Amino acid sequence: MTRWASAHLDEIGRRDTWITIREHFGVRALGINAFVGPEAGDEIIHSHAEDWRDHEELYVVLAGHATFTVDGDEIDAPARTIVYVREPSARRGAVAKESQTTILAVGGKPGAAFEPSPYDVAWPWMRRAAEHYRAERYAEAAAEMREGLAELPGNTALRYNLACYSALAGEPEEALAALRQAVEEDPRFADLARGDPDFASLREDPRFTQLVG
């Protein structure tokens, strides 16, 4: 193994619009990847907060032109703009204003060793399930989560998404059982589930209310 490595973005593998920089180089100290909006109006960075991992994040617009929204504030971000989100609980996202807008994202928890997210590890199943989800094939999406859990039995992201897809597929018992285990393994999923529209069918179930608080 050499002491350094180099690659052009176009040489690095992709997962849909996600350029897998961390995986390509085997980066261990921090999370680093790039994301592309193929067309103007495409969501590049989905709206999210990082308080479940306590990550700071820094974004660099490498090409094109984006609009960031951080805690409701809009930031015009042409190429070479840097956006630093210091507070993990701040909700952030970005949309392309030009085609092929590319954003580099770097993140990590201050003072802690970096660990890949359970979503990153479970990507093959997540990707296939997302295709079923978009087509409203919720039972098939749930089946992908079960297959993933057979390979990664401790993956909380797979378990939580199994709960989501089972609820949408009209399988409340499986949904509640999966959600209960996900919350036991990581209580932060209770907060996520509380506002997750995938659980609309369970809102009136007292067992769901007890789980999410």
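1. Two strands are taken as paired if DSSP finds at least two bridges between them. On that basis β6 pairs with strand β7 (residues 73-78): 6 bridges join the two, and they run antiparallel. The model discussed here is a predicted one.

2. The β6/β7 pair forms a hairpin with 2 residues between the strands. Within this hairpin, D71 takes a positive phi near 50°. To fix the register, T67 can be used: its bridge partner in β7 is D76.

3. Strand β6 also pairs with strand β9 (residues 92-96), through 5 bridges and again in the antiparallel sense. Here A66 stands opposite A96 of β9. As for cover, β6 (residues 65-70) has 5 of its 6 residues buried, and the strand is thus mostly covered.

4. A separate point concerns the open sheet. It is made of 6 strands in the order β1-β2-β3-β10-β5-β8, with antiparallel pairing. Its edge strands are β1 (14-15) and β8 (82-85), each of which pairs on one side only. Strands of a sheet pair through backbone hydrogen bonds, in either a parallel or an antiparallel manner.

5. Inside this order, β3 is followed by β10. Strand β3 (residues 31-37) is joined to strand β10 (residues 101-108) by 7 bridges, the two running antiparallel. A register point for this pair is N33, which stands opposite A105 in β10.

6. Where does H55 lie? H55 is found in the loop between β4 (43-48) and β5 (56-63). Although it is a loop residue, H55 has a relative accessible area of 7%. Buried means under 20%, so H55 counts as buried at 7%. Neighbours within four places in sequence set aside, H55 is in contact with E50, P88, G107, G108, K109 and F114. Of these contacts, G107 and G108 fall in the range given for β10, residues 101-108.

7. Is L179 buried or exposed? With a relative accessible area of 0%, L179 is buried, since the cut-off for that term is under 20%. The residue belongs to helix α6 (residues 172-185). Leaving out neighbours within four places in sequence, its contacts are Y160, A163, A193, F199, F208, L211 and V212. R28 is 151 residues away from L179 along the chain, and the C-alpha atoms of the two are separated by 30 Å.

8. On the chain as a whole, the model has 8 helices and 10 strands. For 213 residues, a compact globule would have a radius of gyration near 17 Å; the chain has 18 Å and therefore agrees with that expectation. The C-alpha trace spans about 50 × 45 × 35 Å along its principal axes.

9. Of the 213 residues, 43% count as buried. When contacts between residues at least 6 apart in sequence are considered, 61% of them join residues at least 24 apart. The chain exposes about 11700 Å², of which carbon and sulfur atoms supply 51%.

10. A last remark is on charge. The protein chain carries 23 positive and 37 negative charges, and the mean positions of the two sets are 4 Å apart.

Methods:
Residues numbered from 1 in each chain as written. Predicted model: local features only at pLDDT ≥ 70, side-chain atom pairs only at ≥ 80, totals over all residues. Heavy atoms only, no water. Helix = DSSP H or I, 4+ residues; strand = E, 2+ residues; numbered from the N terminus. Rg over C-alpha atoms; globule rule 2.2 N^0.38 Å. Buried < 20%, exposed > 50% of the residue type's maximum accessible area, 1.4 Å probe, protein only. Contact = heavy atoms within 4.5 Å. Areas by Shrake-Rupley, 256 points an atom, 1.4 Å probe, with all protein chains shown as cover. Lys, Arg positive; Asp, Glu negative; His and termini not counted. Charge placed at Lys NZ, Arg CZ, Asp CG, Glu CD.
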